[in-house]
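This report covers the fold, the salt bridges, one pocket and one surface patch of a single chain. Please read it alongside the coordinates.

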Amino acid sequence: MVLLKLKFPFQKRVRLAQGLWLLSWVAMLSGAITFAMGVFLKTELHRRSEVMHSMDIHIVPNLLMAVGLASVGINIFAGKVCQDSLDPSRFPRWKMFLPPFFCVSIFFTSLLLVAMILSYALQPSLDESLKIGLKNGIRFYKDTDTPGRCFQKETIDRLQMEFHCCGNTNYRDWFEVQWISSRYLDFTSKEVKDRVKSNVDGRYLVDGVPFSCCNPASPRPCIQYNILDNSAHYNYEYQTEELNLYNRGCRQAMVNYYMGLMSTIGLGVLSVFLLQMTVLVSLRYLQTSMAGVIGQENVEIETEGYILEKGIKETLLEMKEKAMKILQFAQVADASATTPSADPEAATSAPPAK
């Protein structure tokens, strides 16, 4: 049973070829845009790589870049086929190239859906990566003199100011680490000594945050030290009034940013997928309708076009049988390649004839 069979008079075939040629160039442009989206997402992820523990999420921009480049090549090929389909004497040369072309095209087009699904499925991985990365970033904030961590302070400060966030989960994360380098602590001061001695690990912990946590929209001058001490500031109660610090944690802020970015890109990728499938379906109709013209004296006859020559089930069974035959042929070839290797040894070990 032929799947989705249509009649194609001569004029309809010409319009199909002309429309598909134009559509293939639009799809080629969309492939270039897909590549550009992948590059943009890759750049954005790479900018924050210092606060990411793993790079699993990078598979999404990598797929977009690979599929975008493949889409450009696929649609250039499709456009060339459309041009030659207007000349029945030139179209037959594409006959042997089109079946593998469709297989490759469907594979790369399917990767667009894979990339879109992964962009949502990897959200827990992104969240965990940022959780660990930001935790380490805050812990190493003070190590401005340590090789490999010299720019950690600048990275965290710029991050908090750009995303309007503070800490990993919230501003209290800064209370659990010594974020002021010992280089800038006066150990002759009684206050410093008392704080260090009161901590089991000998760390200088304060109920304060870096300047980058301060919210410039607050009418009150920033209170970044003694945040939990109401008596340290005039007319101040940290339990009731809204602090002049960013309340949102950086992990949630960054997850929202990247997921919003990938959601927007995902809609674009879905549009490109639908456009690319339209090109492939139209090209299949053009291929099968032109097959009826090959060898005919009258090239303006009406022909039939279809998606599959048989039903979906029959086509899958036929492909399975072909794959099994190829596999069996490969096994036989391997067996025949190993068998002759024993013959020379047997021949050399045999005694000479008298």
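The text below goes from the overall fold to ion pairs and then to surface features.

The model is predicted, so local features need pLDDT of at least 70 and side-chain atom pairs count only at pLDDT 80 or more, while totals for chains, interfaces and linings use all residues. Residues are numbered from 1 along each chain as its sequence is written, and side-chain values use heavy atoms, with hydrogens and water left out.

**Fold**

The chain holds nine helices and two strands. These are DSSP runs numbered from the N terminus: helices are H or I with at least four residues, and strands are E with at least two. Along the sequence, the order is β-α-α-α-α-α-α-α-β-α-α. The chain has 354 residues, of which 39% count as buried. Buried means under 20% relative accessible area, exposed means over 50%, and partly exposed lies in between, using a 1.4 Å probe and protein chains only.

**Salt bridges**

Side chains of opposite charge can pair when their charged atoms come close. The whole structure contains 13 salt bridges, a salt bridge being a side-chain nitrogen of Lys or Arg within 4 Å of a carboxyl oxygen of Asp or Glu. Three of them are listed here.

| Basic residue | Acidic residue | N to O distance |
|---|---|---|
| Arg90 | Asp84 | 2.8 Å |
| Arg251 | Asp127 | 3.1 Å |
| Lys153 | Asp157 | 3.0 Å |

In the pair of Arg90 and Asp84, Arg90 is partly exposed at a relative accessible area of 36%, whereas Asp84 is buried at 0%.

The salt bridge between Arg251 and Asp127 connects distant parts of the chain, with Arg251 in helix α7 (residues 250-291) and Asp127 in helix α4 (residues 123-139), 124 residues apart. Arg251 is buried, with a relative accessible area of 17%, and Asp127 is partly exposed at 22%.

Lys153 and Asp157 are both in helix α5 (residues 152-163), where they are four residues apart, about one turn of the helix. Lys153 is partly exposed at 32% relative accessibility, while Asp157 is buried at 4%. Elsewhere, Glu44, Arg47, Arg48 and Glu162 are joined into one network by salt bridges that share partners.

**Second largest pocket**

On a 1 Å grid over the protein atoms alone, a pocket is an open set of points where a 1.4 Å probe fits, with protein on both sides within 12 Å along at least five of seven lines; lining residues have an atom within 4 Å of a point. The second largest pocket has a volume of about 200 Å³, taken as the space filled by probe spheres set on the points. Its lining consists of Lys131, Lys135, Ile138, Arg139, Asn168, Thr169, Asp173, Glu176, Val177 and Arg251. Helix α4 supplies the largest share of this lining, four residues. By class, the lining of the second largest pocket has six charged, two polar and two nonpolar residues. Arg251 thus appears both in this lining and in the salt bridge with Asp127.

**Nonpolar patch**

Which residues make the nonpolar surface patch? Trp21, Leu22, Trp25, Val26 and Ile76 form the patch, which covers about 470 Å². Nonpolar patch residues have over 30% relative accessible area and no salt bridge, with side chains joined within 5 Å; areas come from the Shrake-Rupley method with a 1.4 Å probe. Helix α1 (residues 10-47) gives the most to the patch, with four residues. Leu22 lies in helix α1 and is exposed, at 54% relative accessibility.

Methods. Ala, Val, Leu, Ile, Met, Phe, Trp, Tyr, Cys and Pro count as nonpolar, Asp, Glu, Lys and Arg as charged, and the others, Gly among them, as polar. Patches are made of residues with over 30% relative accessible area and no salt bridge: like charges are joined within 9 Å, nonpolar side chains (Val, Leu, Ile, Met, Phe, Trp, Tyr) within 5 Å.
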